[in-house]
Amino acid sequence: MGKAQSASTAIAPSKVGVTDLVRGVVKMAPDATGMVKHAPGLVFNKASAKKTIGKIFQDLARKQPDRPFIRFDGDTYTYGEANRIVNRYAAVLTEKGVGVGDVVGILAKNSATDLMCVLAAVKVGAVAGMLNYNQHGHVIDHSMKLLGATVLLRDPECTEAWETMSKDVRPEHVLDFDQLEAEAKGKPDHNPAVTATLPASTTAFYIFTSGTTGLPKASMMSHNRWLANYSGIGGLGVRLHPSDTMYIPLPLYHNNALSVSLGSVLAGGSCVAIAKQFSASRFWDEIIANRATAFCYIGELCRYLLAQPEKPTDRQHAVRLIVGNGMRPEIWDEFSQRFGIDRVVEFYGASELNLAFINVFSAKRTAGFCPLPFKIVEYNEDGTPKRDAKGRLRSVKNGEPGLLIAEISERVPLDGYTDPEETEKKVIRDAFKDGDAYFNSGDLVRGLGFKHIAFVDRLGDTFRWKGENVATTEVESALGTAKGVEQAVVYGVEVPGSDGRAGMAAVTLADGASFDAKAVAARLYDELPDYAVPLFIRLVGTIAATSTFKNQKVELRNQGFTEVGDDEIWVLKGPKDGYVPFYDGYPADVSSAKAPR
């Protein structure tokens, strides 16, 4: 069996040249009016401006009350209708004591109600705390403690997360969606007075991301930073029209859905169609049923669609553009041609990052362009920036992989995490001169010229799988509690035909213990979200450590699941079958979504 193809040997993105820029400008011409409207938002946005998500939404509801805003499960809500519902929900929150700066926890699967709860929270100046419903047990408890929510709004369908949540972390006020609807009846449906007074500096969302300590961190998204997405990605990159419909198959707790897609919809005064969950087999049928002209994606979603048998609906739709991240260079052209996609608006960003790249010029196989200050620098194997003899960082040449870092300044501030200590860990100080500061993205990218980049890989103690960041320390901690396991080291490995890196663990067993494949899998499914359960287990005699006592993750990662000598490899079939001995067809089963399941 051959090695997985590395990011560096995949089809390389082209360099971006003047011809690409000219071609992109020509493609922008039909959208010039809207772009002129939104361009100042990238340059002149002020944190003190009385402009927020709620204000933008209610202004659109006033201007175009009868235009469709949300489609979900066969129902359509107009801007005016949705705004009245949101205002009634906001009145309920106010009655429960929610004010500016308080947190409203939202535990929900995708629905129209989920989105309207988010809008209700931000309209009263609260922070919408977007809980990941895949979390459970001590992980959801940790997230709830980080939120410190005044109210929790919950979807009755999120049973596992709710039932495994300790009672002592639940706020005084908990409303499921039916209770919220009942309490909202008869409440005033006019806009809350506070919405028009809120400055853009107000925090809008807490979005959870993996933590280096093994537990999630809550990254803060201010209205001001959301507005940069609204203007830059939505207004200049995606460029929807009022007649467009954006289909969202990703969870609304995902930044792609909440910031990029919602921002694009509100920038265009368009409609959003919300999928309850992603289905590769029904995808194009749902696109057609919702009359969608655009959708958001992550790279894995695109691979799953390509893996489906060809059928007439591949081209019987009205989608003209898609927006997302993770479209690998090797499938870019194939995807566009098979499904007839005119524009792939790839972007690069992260919930905690203070800038984003967007494929404004429609250049192929690039994560896009960013006008804000950034550097691509030399790095160490552990994902930290490499300093020279003088203690400074050094930039790499265009085309060479390097660590992406983003300058922090008054013009481009950093919202960071709820925990200042976690934020400071990601800040690089005195990088090129005394007193400067940069944010460490933890990502490896290539410069393509004209301020464009291509994403290469994730570095350090996290890896990305199924569109989620996985913290290796969280998985190691869970493995440490599994039957018979003495020590574990977790890392991400490439699987041919799949995006990101799948989890793999090198495990030593306690004296006299054997590997209980089903028990270990059951323990991991109990402790971790499904996407974080390792696909590969390598049984090793010992785990060596470097002179700095760091386990040799780099060497293990490079060996993957192919260069393992006589070590046993076990692979994850799913919750029912647990781990089974490695078989040759397993990587192909993973790439075609046949395993684990």
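## A salt-bridge network to start with

Let's begin with three charged residues: K55, D59 and R62 are joined to one another in a network of salt bridges. Please keep in mind as you read that this is a predicted model.

## Salt bridges across the chain

How many salt bridges does the structure hold? The count is 24. One of them pairs K217 with E422, with 3.8 Å between the closest N and O atoms. K217 belongs to strand β8 and E422 to helix α14 (residues 420-425), so this salt bridge ties together parts that lie 205 residues apart in sequence. Are these two residues buried or exposed? Both K217 and E422 are buried.

Another salt bridge joins R394 to E378, and here the closest N and O atoms are 3.2 Å apart. Both residues sit in the loop between β16 (374-377) and β17 (401-407), so the pair connects parts 16 residues apart in sequence. R394 counts as partly exposed because its relative accessibility is 41%, and E378, at 25%, is partly exposed as well.

D516 and K483 form a further salt bridge, with the closest N and O atoms 3.4 Å apart. This pair links distant parts of the chain, 33 residues apart: D516 is in the loop between β24 (502-509) and α16 (517-527), while K483 is in the loop between α15 (472-480) and β23 (485-493). With a relative accessible area of 28%, D516 is partly exposed; K483, at 57%, is exposed.

## Strand β7 and its neighbours

Now have a look at strand β7, which covers residues 203-209. Why can this strand be called largely enclosed by the rest of the structure? Six of its seven residues are buried, so the strand is largely enclosed.

Strand β7 pairs with β4 (residues 127-130) through three bridges, and these two strands run parallel. It also pairs with β8 (residues 217-222), this time through six bridges and in an antiparallel arrangement. F205 is a handy residue to follow here: in β4, A128 stands opposite F205 of β7, and in β8 the bridge partner of F205 is M221. Strand β8 is also home to K217, the partner of E422 described above.

## Aromatic rings

A search of the whole structure turns up 24 aromatic pairs. In one of them, the ring centres of Y133 and Y253 are 5.4 Å apart and the planes meet at 75°, so the pair is edge-to-face. Y133 lies in the loop between β4 and α6 (138-147) and Y253 in the loop between β9 (245-248) and α10 (255-268), so the two rings tie together parts 120 residues apart in sequence. Y253 counts as buried because its relative accessibility is 8%. Y133 has a charged companion too: the charged end of K109 sits over its ring, 5.7 Å from the centre.

A similar arrangement involves R154, whose charged end sits over the ring of W162 at 4.3 Å from the centre. Elsewhere, one aromatic cluster is formed by Y247, F278, F283, W284, F295, Y304, F335 and F339.

## A nonpolar patch on the surface

Which residues make the nonpolar surface patch of about 380 Å²? They are V18, V22, V26 and F450. F450 is found in the loop between β19 (437-449) and β20 (452-458), and at 45% relative accessibility it counts as partly exposed.

Methods:
Residues numbered from 1 in each chain as written. Predicted model: local features only at pLDDT ≥ 70, side-chain atom pairs only at ≥ 80, totals over all residues. Heavy atoms only, no water. Buried < 20%, exposed > 50% of the residue type's maximum accessible area, 1.4 Å probe, protein only. Helix = DSSP H or I, 4+ residues; strand = E, 2+ residues; numbered from the N terminus. Pairing = 2+ DSSP bridges. Patch = residues over 30% accessible without salt bridge, like charges linked within 9 Å, V, L, I, M, F, W, Y side chains within 5 Å. Areas by Shrake-Rupley, 256 points an atom, 1.4 Å probe, with all protein chains shown as cover. Salt bridge = Lys/Arg side-chain N within 4 Å of Asp/Glu carboxyl O. Phe/Tyr/Trp six-rings, centres within 6.5 Å; stacked < 30°, edge-to-face > 60°. Lys NZ or Arg CZ within 6 Å of the ring centre and 35° of its normal.
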